[in-house]
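Here is a friendly walk through one chain, from its charged pairs to its strands, its helix and its aromatic rings. Have the viewer open and follow along.

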Amino acid sequence: MKPMKSLDLKWEAPPLFFMHVPKTAGSSLRALLTLAYARADTIVLEYPYLHRHALADLRRYRCYISQCGPNMPALIGRPDLAVVTILRDPVERAISLIYFHQDNLANHPEWFRPDYYEQYT
């Protein structure tokens, strides 16, 4: 019996937009995506900081992570992106969100004052 020749397989993750819906295990998927994509190929787009990125510069990434919504691939000019999200039972998600805000109110009351948000405008 002849020995099998080893296969030199290379896999490259496809260009991806992960639309993170809060309280749906998105942080876990985000952690997995950081293993599949190089750090230089990944960008996290967060709402108050979107203006910091030029649209032309955004096209170079291969993995986009954002809570901004499903129109982001069209906005950045990347119709080739696979769009992925995670959904959760709406009642469970609402309960989780309530607990999340209760915890934040207890531990970070400054986040709930109007003057805190003035720094982002």
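## Salt bridges

A salt bridge is counted here when a side-chain nitrogen of Lys or Arg lies within 4 Å of a carboxyl oxygen of Asp or Glu. Keep in mind that this is a predicted model. Arg 78 and Asp 80 fit that rule, with their side chains meeting at 2.9 Å, N to O. Arg 78 is buried, at a relative accessible area of 11%, whereas Asp 80 counts as partly exposed at 46%. By this rule the count for the model is four salt bridges.

Another of them joins Glu 12 to Arg 62, where the closest N and O atoms are 3.2 Å apart. This pair links distant parts of the chain, with the two positions 50 residues apart: Glu 12 belongs to the segment before strand E1 (16–19), and Arg 62 to the loop between helix H2 (55–58) and strand E3 (63–66). Glu 12 is exposed, at 60% relative accessibility, while Arg 62 is buried, with a relative accessible area of 18%. Glu 92 also forms a salt bridge, with Arg 88, and here the closest N and O atoms are 4.0 Å apart. Both ends of this pair are partly exposed: Glu 92 at 46% relative accessibility and Arg 88 at 34%.

## Strand E3 and its partners

Which strands does E3 pair with? On one hand there is E1, which runs parallel to E3 and is joined to it by four bridges; Met 19 has Ser 66 of E3 as its bridge partner. On the other there is strand E2 (residues 42–45), also parallel to E3 and joined to it by four bridges. In this pairing Val 44 stands opposite Ile 65 of E3.

In a regular strand the side chains alternate between the two faces of the sheet. E3 shows this in its residues: Cys 63 and Ile 65 point one way, Tyr 64 and Ser 66 point the other way, and all are buried.

## The two sides of helix H1

Helix H1 spans residues 26–36, and its residues Gly 26, Leu 29 and Leu 33 are buried. They sit on the same side of H1, because they cover an arc of only 60° around the axis. An α-helix has 3.6 residues a turn, so residues three or four places apart point the same way.

What covers the buried residues of H1? The cover includes E1, E3 and strand E4 (82–84). The face of H1 turned away from its buried side carries Ser 27, Leu 32 and Leu 35, which are exposed.

## Tyrosines around the start of E3

A pair of aromatic rings is described by the distance of the centres and the angle of the planes. The model has one aromatic pair by the rule used. Tyr 61 and Tyr 64 form this pair in an edge-to-face arrangement, at 6.3 Å centre to centre with 75° between the planes. Are these two tyrosines buried or exposed? Tyr 61 and Tyr 64 are both buried.

A charged neighbour completes the picture: Arg 60 lies over the face of Tyr 61, at 4.1 Å from the ring centre. Tyr 64, the other ring of the pair, is also one of the E3 residues that point the opposite way from Cys 63 and Ile 65.

Technical notes. Residues are numbered from 1 along each chain as its sequence is written. This is a predicted model: local features need pLDDT of at least 70, side-chain atom pairs count only at pLDDT 80 or more; totals for chains, interfaces and linings use all residues. Side-chain values use heavy atoms; hydrogens and water are left out. Buried means under 20% relative accessible area, exposed over 50%, partly exposed in between (1.4 Å probe, protein chains only). Two strands pair if DSSP finds at least two bridges between them. The arc is that of the directions from the helix axis to the C-beta atoms. Contact means heavy atoms within 4.5 Å. Rings of Phe, Tyr and Trp (its six-membered ring) pair if their centres lie within 6.5 Å; planes under 30 degrees apart count as stacked, over 60 as edge-to-face and the rest as tilted. A charge sits over a ring if NZ of Lys or CZ of Arg is within 6 Å of the ring centre and within 35 degrees of the ring normal.
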